[in-house]
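The following exercises concern annotated residues and their surroundings. Each task is followed by a solution in steps.

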Amino acid sequence: MANKEETANVPGRMTVPKFAALKGSGQKITMVTAYDYPFAKLVDEAGVEAVLVGDSMSMVVQGHDNTLPVTLDEMIYHAEMVGRAVNQALVIVDMPFPSYHLGKHKAIENAGRILKETRCQAVKLEGGADQAETIRALVSAGIPVMAHCGLRPQSVHQLGGYRVQRDAAALLHDSRAAAEAGAFSLVLECIPTEIAHEITEKISIPTIGIGAGPGCDGQVLVLHDVLGLTSGRVPRFVKEYANLRTTVTEAVRNYRDDVRGGEFPGKEHGFE
Ligand code: KIV
């Protein structure tokens, strides 16, 4: 049987075992969201280890003010586009609310649809100890699961807002429960750096942080935040690596001005 180091170094496309074996390899893991073909192709070409078709799509693509409205059919529609574009990274799809809350069988049926109807390889769901049974059932059905603890945006109403989660004992308990149930990786969202670091040291699966500091095994960000496409206030944990808002508005304004001024289309854009 291959050891962890051998598994992590197998050439070719990222797989679930290779991803899991990155823990402790010394290589930090980068994950980013994508929701459509052109951006998914670009992020794959950039060389990230994983692409997440996040239910953040509800907010950044559909314009809702939380992640609750997006449906399973909509997630699958977008995951198909991403699945067609990516051929190197691992592609993980968020199970939307409440597609895994109605019992293990329904969760397997819904996660099964994601794997059957898209070319994606794994699902993500929000939960720790409370979802351990569902995680175990999905994994037994051959469906790889990434868990998500800390701030769980699908529980925004119960949490009373998007707040930093500080209950160290509960966070460690949830993280351990997810790992013991068979999750291959764990997102830790909006928790203090020290707690995320401690969890990362205590569990055997890679932790992927967002607003959880540098002590995690990897990091994830929403693509629209990375590219500076998000209008309004972005969370403190975001780093914008580009300002596409300005690039896009300037390009379209220049196009409009050229059309109005008769400078576009030019002779070279027409046919004899
Ligand atoms: O939906 C999403 O984009 C996510 C990430 C922020 C982890 O769950």
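**Exercise 1.** Determine whether E126 is buried or exposed, and describe its surroundings.

Step 1. E126 has a relative accessible area of 4% and is therefore buried; buried means under 20% relative accessible area, exposed over 50%, and partly exposed in between, with a 1.4 Å probe and protein chains only. The model is predicted: local features need pLDDT of at least 70, side-chain atom pairs count only at pLDDT 80 or more, and totals for chains, interfaces and linings use all residues. Residues are numbered from 1 along each chain as its sequence is written, and side-chain values use heavy atoms, with hydrogens and water left out.

Step 2. E126 belongs to strand β4 (residues 122-126); helices (H or I, at least four residues) and strands (E, at least two) are DSSP runs numbered from the N terminus.

Step 3. Residues up to four places away in sequence not being counted, E126 touches D55, Y100, Q131, H148, R152, P153, Q154 and S155, where contact means heavy atoms within 4.5 Å.

**Exercise 2.** Locate D55 and D94, and state which atoms of the two approach at 2.8 Å.

Step 1. D55 sits in the loop between β2 (50-53) and α4 (57-60), whereas D94 is part of strand β3 (residues 90-94).

Step 2. D55 is buried at 4% relative accessibility, and D94 is buried at 3%.

Step 3. With neighbours within four places in sequence set aside, D55 is in contact with T67, V70, M75, D94, E126 and Q154. On the same basis of excluding residues up to four places away, the contacts of D94 include D55, M75, I114 and K124.

Step 4. The side chain of D94 reaches the backbone nitrogen of D55 at 2.8 Å.

**Exercise 3.** Which residues carry the UniProt "binding site" annotations, and where do they gather?

Step 1. In the unreviewed UniProt entry, one "binding site" feature covers D55, S56, D94 and K124. These residues span 70 residues in sequence, yet no two of their C-alpha atoms are more than 12.4 Å apart, so they gather at one spot. The lining of the largest pocket includes D55, S56, D94 and K124; a pocket is an open set of points on a 1 Å grid over the protein atoms alone, where a 1.4 Å probe fits, with protein on both sides within 12 Å along at least five of seven lines, and lining residues have an atom within 4 Å of a point.

Step 2. UniProt (unreviewed entry) also places a "binding site" feature at D55, D94 and E126. Their C-alpha atoms are no more than 10.8 Å apart in any pair although they span 72 residues in sequence, so they gather at one spot. D55, D94 and E126 are included in the lining of the largest pocket.

Step 3. UniProt positions are given in the numbering used here, feature names are shortened, and annotations may be inferred rather than shown by experiment.

Methods
A polar contact is a pair of N or O atoms within 3.5 Å; within protein, one must be able to donate a hydrogen and the other to accept it, and residues adjacent in sequence count only if both atoms are side-chain atoms.
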